[in-house]
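Biologist: Thanks for sitting down with me over this one. Could we put the structure on the screen and talk it through?

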Amino acid sequence: MAKGLLVTYALWAVGGPAGLHHLYLGRDSHALLWMLTLGGGGLGWLLEFWKLPSFVAQANKAQGQRQSPRGVTPPLSPIRFAAQVIVGIYFGLVALISLSSMVNFYTVALPLAVGLGVLLVAAVGNQTSDFKNTIGAAFLTSPIFYGRPIAILPISVAASITAQKHRRYKASVASEPLSVRLYRLGLAYLAFTGPLAYSALCNTAATLSYVAEILGSLLNWFNFFPLLGRLMELFLLLPYRIWRLLTGDPGFNSSYFQEWEKLYEFVQSFQDEKRQLAYQVLGLPEGATNEEIHQSYRELVKIWHPDHNLDQTEEAQKHFLEIQAAYEVLSQPRKHRGSWR
């Protein structure tokens, strides 16, 4: 049955952020992506308004086309590559919040999550990529930055480059019943949101701490690039600013500044607590010098290195990661209020 443009626009308006129009057009990967990101943070959903006619034409063309192009490589798309990197980072951050307590998280769960995020974007529309090579690139990159949350960025970049290198058109398959497609999407949605919901409901304090740590890391990364930092501020508070504009709040600018200050206070409170715990892990008094921090780190690493504790590998690995995390926290210069603005 041919897909209608008016029906597509109606579904886009009613359930666009949930991907209903993509489900109607048979673009299940795009629908899942919108379900997990709420329409790309709302921005992707709005930008799709002008692309819906081409989506409908592509869906109708796919119905009448029995075979997919063979030996033809899709054109390179910088937008798709950027989306792969961003979604890979997003999946990695969600995994960091909900699964970081797992054993071997940085060598198994993190690269798998980032790689799946990259592959999800690669499978949008009529394109796809090679699963083994993309996941393999993520796993090969993860040991280089073992134990550090910043590993999410290079893993996502490596997996995205590999996915672009092995991009291809999807093979033509027979249409499946809607119930089978919904079942598959439901399982994928639960696999993504289940651990996150469990972490938020059963371990709320730790989840808030992880969220604050991630926000603080993002702000630290963008502190060296003022323009990107401002874009990050805009992105974090974009839903709030849109709501204020729609309600016509006369104190828009001052409210925006106040809300950003609240976000800063929230992050800063956890950052201060994290530094105090880091001093305790390294066995140092608060305010220790950089030389003392470095010396204590080197001594503790030698004591708790897993290779030196073969009889208690699991406990040694736990202490080893805690020491690395504490040293990374104390190695960063403490931010004052002015630097966050």
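Modeller: Happy to, and please keep in mind that this is a predicted model. Let's begin with the salt bridges.

Biologist: How many salt bridges does the structure hold?

Modeller: Two pairs of side chains qualify. Arg181 meets Asp28 in one salt bridge, and Glu176 meets Arg184 in another. The count for the structure is therefore 2 salt bridges.

Biologist: How far apart in sequence are the parts that Arg181 and Asp28 tie together?

Modeller: The side chains of Arg181 and Asp28 come to 2.7 Å, N to O. Arg181 sits in helix H10 (residues 178-202), while Asp28 belongs to helix H3 (residues 28-41). The pair therefore ties together parts whose separation in sequence is 153 residues.

Biologist: Is Asp28 buried or exposed?

Modeller: The cut-off for buried is under 20% relative accessible area. Asp28 has a relative accessible area of 18%, and its partner Arg181 has 14%. That is why Asp28 counts as buried.

Biologist: And which class of exposure does Arg184 fall into?

Modeller: Arg184 pairs with Glu176 at 3.0 Å, N to O. The relative accessible area is 39% for Glu176 and 42% for Arg184. Values between 20% and 50% fall in the middle class, so Arg184 is partly exposed.

Biologist: Turning to the nonpolar side, which helix gives the largest share of the largest nonpolar core?

Modeller: That core has 21 residues, and Leu33, Leu36, Phe91 and Leu120 have the most contacts inside it. At least two residues each come from H3, helix H5 (52-64), helix H6 (78-99), helix H7 (105-122) and H10. The largest share, 5 residues, is from H3.

Biologist: Where does this core lie with respect to the domains?

Modeller: Residues of the core come from both domain 1 (5-66) and domain 2 (74-223). For that reason, the core lies between domain 1 and domain 2.

Biologist: Which residues is Leu33 in contact with, leaving aside its neighbours within four places in sequence?

Modeller: Leu33 is one of the residues with the most contacts inside the largest core. Once the neighbours within four places are set aside, its contacts are Val87, Leu120, Val121 and Val124.

Biologist: One last thing: what percentage of the chain's residues are buried?

Modeller: The chain has 17 helices and 2 strands, and exposes about 19900 Å², with carbon and sulfur atoms supplying 65% of that area. Out of 341 residues, the buried share is 40%.

Note on methods: Residues are numbered from 1 along each chain as its sequence is written. This is a predicted model: local features need pLDDT of at least 70, side-chain atom pairs count only at pLDDT 80 or more; totals for chains, interfaces and linings use all residues. Side-chain values use heavy atoms; hydrogens and water are left out. Helices (H or I, at least four residues) and strands (E, at least two) are DSSP runs, numbered from the N terminus. Buried means under 20% relative accessible area, exposed over 50%, partly exposed in between (1.4 Å probe, protein chains only). Accessible areas come from the Shrake-Rupley method with a 1.4 Å probe; for residues, only the protein chains shown count as cover. A salt bridge is a side-chain nitrogen of Lys or Arg within 4 Å of a carboxyl oxygen of Asp or Glu. A nonpolar core is a set of buried Ala, Val, Leu, Ile, Met, Phe, Trp, Tyr and Cys residues joined through side-chain atoms within 4.5 Å. Domain bounds come from an automatic or database domain assignment. Contact means heavy atoms within 4.5 Å.
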